[in-house]
Amino acid sequence: MAKYQAMTQEWLDAWKQKMVESKEYKEIAKNWEGSVSIIVNPDPEKGIPETLYLFTDYWHGDVGDFFICDKAKAESAKFIMSGDYARWKQVARKEIDSTKALMQGKLKLKGDLTYIVRNIKSVNKVIDLLCEIETVWPDEA
Amino acid sequence: MAYDRELSFVYFGPTRVVFGVGASRDVEMEMAGLGCRRALVVTDPGVMKAGLVDGVLKSLGDKCAGLFSDVPQDTGMGVVNLAADYAREKAADCVVSVGGGSVIDTGKGICILLTEGGGLESFEGIQLLTRPQTPHIVIPTTAGTGSEVTCMAVILDERKGQKILIIEYFNAPRIAILDPRMTEKLPPLLTASTGMDAMTHAVEALQSVQREPIADGLAMQAIRLLYRHLPVCTQNGGDLAARGQVQLAATMAGWAFGNAMVGLTHAMAHSLGAVARVPHGIANGILLPHVMAFNLEDAAESYAMVAEALGVRERGMVESEAAEAAVASIRSFLERIGHPVRLSEVAVKEEDLAKAATMSLSDGAIVNNPRPVMDEQEVLAVFRAAF
């Protein structure tokens, strides 16, 4: 299986491809509308010299564009999630539950929590598919 | 097994608690201890009418920069924005909330806006803040919400017609002053329903998928205190010793659920409040035993702990028997304190139930329920059982 450098365009493409191929995701996410941006706080010691902005877009089970963006684009998303690199790595490895991480202040969310809860199965599936990607993390490369 | 090696949690409880009959008179000294000089006092018309703010205003003297007494039963963003404008106009440097959950949550919203500026609509989310907020002193006039020690606020977004949840560690109240005299005049039904709100916080914290040992300990003690002292308060509201123990139980339950979160009972009660205007504590109280019955297999261990705290776990009972005893005990406790036991008693119409069931699936509390709930028909069945 191919390996992808975390938080690069190739990694986002691989993630998107996983989702496009997932019939289960398409069914579960049929009610989801809107984009989610992921903001990764800088951590130079772990190979993240500056803030990373990732944009992902979803529409009724279809998958829109996934790309690295600038701050303004990230802040235009319906949901904005931010956190330290190490926290995102824990989420992507399923070492912490994303909902729990939000409640405990390990990640931040700007947006309508009730919408996320109503679609929690979609959120969990997106993370499950991310976890299936063989990822090379900057601090482990 | 209660906890395994995967146990991992954050416990957060920074609020200083000042307890005692007459403690609300110390508000000026507590405020001075925070380095504050100008307080905005926030309350509602009912609390004003009951005269509960008088002593607070007297204690504050000229350190009261202004009084905002227009908080409605279910506070909204418009109210918070208006009150924050008033607080800015009065150059307030702290907020003193005197009231129940709606007043306290209004105070929390004002604190954010005094520090960050803007309107509350910009702060919908979780853990967005990055610095301590304006100091907040809370003097509860009910014993139930636990909001005096949590970092959560529930505020109506009038534009969307739905309540939003704001969770911010940086916005937990600095001080909670628990003065039993502030709850002395609560009528029996309000005493019972706010007490059942606290009981529900404790039981749901114990059963939560986010439960942890510190919250469990607080929840267990809250249940013990409520079981012993709440019936005394409903029968003799002037018993200040019992009132104080119930206040402490509500605060402990607040710490417990503020960390471990709540579950399906709250999700259903929030929805029923929106659809049929059932007061939160009453909805929680009626629904709690029915939700416990629904969760029984998935939360037997937790409910056995509830049975221990209630004193109904008899020697030789296996876990499942103790869990069933806990459910039965909560049912009989409702009757003992004069609390309604059926939704039909509190003006809920059968046609409200389906809408409330659908809404429950969108409530943040539901993700912490021990039995996963994905189907609104399951929720509807619980509503019907409670009807």
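1. Read from the start of its sequence to the end, chain A of this predicted model follows the pattern β-α-α-β-β-β-α-β-α-α-β-α-α-β, and the count that goes with this pattern is seven helices and seven strands. Helices and strands are therefore interleaved along chain A, as the pattern shows when it is read symbol by symbol.

2. The overall dimensions of chain A can be checked against a simple rule, because a compact globule of 141 residues would have a radius of gyration near 14 Å, and chain A has 14 Å, which agrees. Along its principal axes, the C-alpha trace of chain A spans about 40 × 35 × 30 Å.

3. Chain B contains 14 helices and nine strands, and the same kind of check can be applied to its 387 residues, for which a compact globule would have a radius of gyration near 21 Å; the value for chain B is 20 Å, which agrees. The box filled by the C-alpha atoms of chain B, taken along the principal axes, is roughly 60 × 45 × 45 Å.

4. Where do chain A and chain B touch, and how many residues does the contact take from each? The contact takes 17 residues from chain A and 19 residues from chain B. On the side of chain A that touches chain B, two or more residues come from each of helix H5 (98-103), strand S6 (107-110), helix H6 (113-118) and helix H7 (120-131) of chain A. Sorted by class, this side of chain A has six nonpolar, five polar and six charged residues.

5. Within chain B, the domain assignment gives domain 1 (16-183) and domain 2 (188-386), and the C-alpha centres of these two domains of chain B lie 26 Å apart. The two domains are in contact through 21 residues of domain 1 of chain B and 21 residues of domain 2 of chain B. On the side of domain 1 of chain B that touches domain 2 of chain B, strand S1 (16-19), strand S8 (162-167) and strand S9 (175-178) of chain B each supply at least two residues, and the residues of this side divide into eleven nonpolar, seven polar and three charged.

6. Helix H6 (residues 188-207) of chain B and H7(B) have axes that come within 9 Å and cross at roughly 160°. Angles over 145 degrees count as roughly antiparallel, and H6(B) and H7(B) are therefore roughly antiparallel to each other, with a left-handed crossing. The residues that meet include B:Gly195, B:Ala198 and B:Met199 in H6(B), and B:Ala219, B:Ala222 and B:Leu226 in H7(B). By class, the contact of H6(B) with H7(B) has 15 nonpolar, three polar and one charged residues.

7. Helix H7 (residues 213-235) of chain B also packs with helix H11 (residues 300-310) of chain B, here at an angle of about 40° and with the axes 8 Å apart. That angle makes H7(B) oblique to H11(B), and H7(B) passes H11(B) in a right-handed crossing. On the H7(B) side, B:Met220, B:Ile223, B:Arg224 and B:Tyr227 meet B:Met305, B:Val306, B:Ala309 and B:Leu310 in H11(B), and the residues of this contact divide into seven nonpolar, no polar and one charged. A student may wish to find B:Ile223 in the structure, since this residue of H7(B) is listed in the contact with H11(B) and is also listed in the contact with H6(B).

8. A further helix pair in chain B consists of helix H10 (residues 280-295) and helix H14 (residues 376-386), which pack at an angle of about 130° with their axes 9 Å apart. H10(B) and H14(B) are therefore oblique to each other, and their crossing is right-handed. The residues of H10(B) that take part are B:Ile286, B:Leu287, B:His290, B:Val291 and B:Phe294, and they meet B:Val382, B:Ala385 and B:Ala386 in H14(B). This contact divides into seven nonpolar, one polar and no charged residues.

Technical notes:
Residues are numbered from 1 along each chain as its sequence is written. Chains are lettered from A and ligands numbered from 1 in the order in which they are written. This is a predicted model: local features need pLDDT of at least 70, side-chain atom pairs count only at pLDDT 80 or more; totals for chains, interfaces and linings use all residues. Axes are lines fitted to C-alpha atoms, for helices over the stretch in contact, and angles run from 0 to 180 degrees between N-to-C directions. Helices (H or I, at least four residues) and strands (E, at least two) are DSSP runs, numbered from the N terminus. Angles under 35 degrees count as roughly parallel, over 145 as roughly antiparallel, 65 to 115 as roughly perpendicular and the rest as oblique. A crossing is left-handed if the near helix is turned anticlockwise from the far one by less than a right angle, and right-handed if clockwise. Two residues are in contact if their C-beta atoms, placed from the backbone, lie within 7 Å. Ala, Val, Leu, Ile, Met, Phe, Trp, Tyr, Cys and Pro count as nonpolar, Asp, Glu, Lys and Arg as charged, and the others, Gly among them, as polar. Domain bounds come from an automatic or database domain assignment. The radius of gyration is taken over C-alpha atoms; the globule rule is 2.2 Å times the number of residues to the power 0.38.
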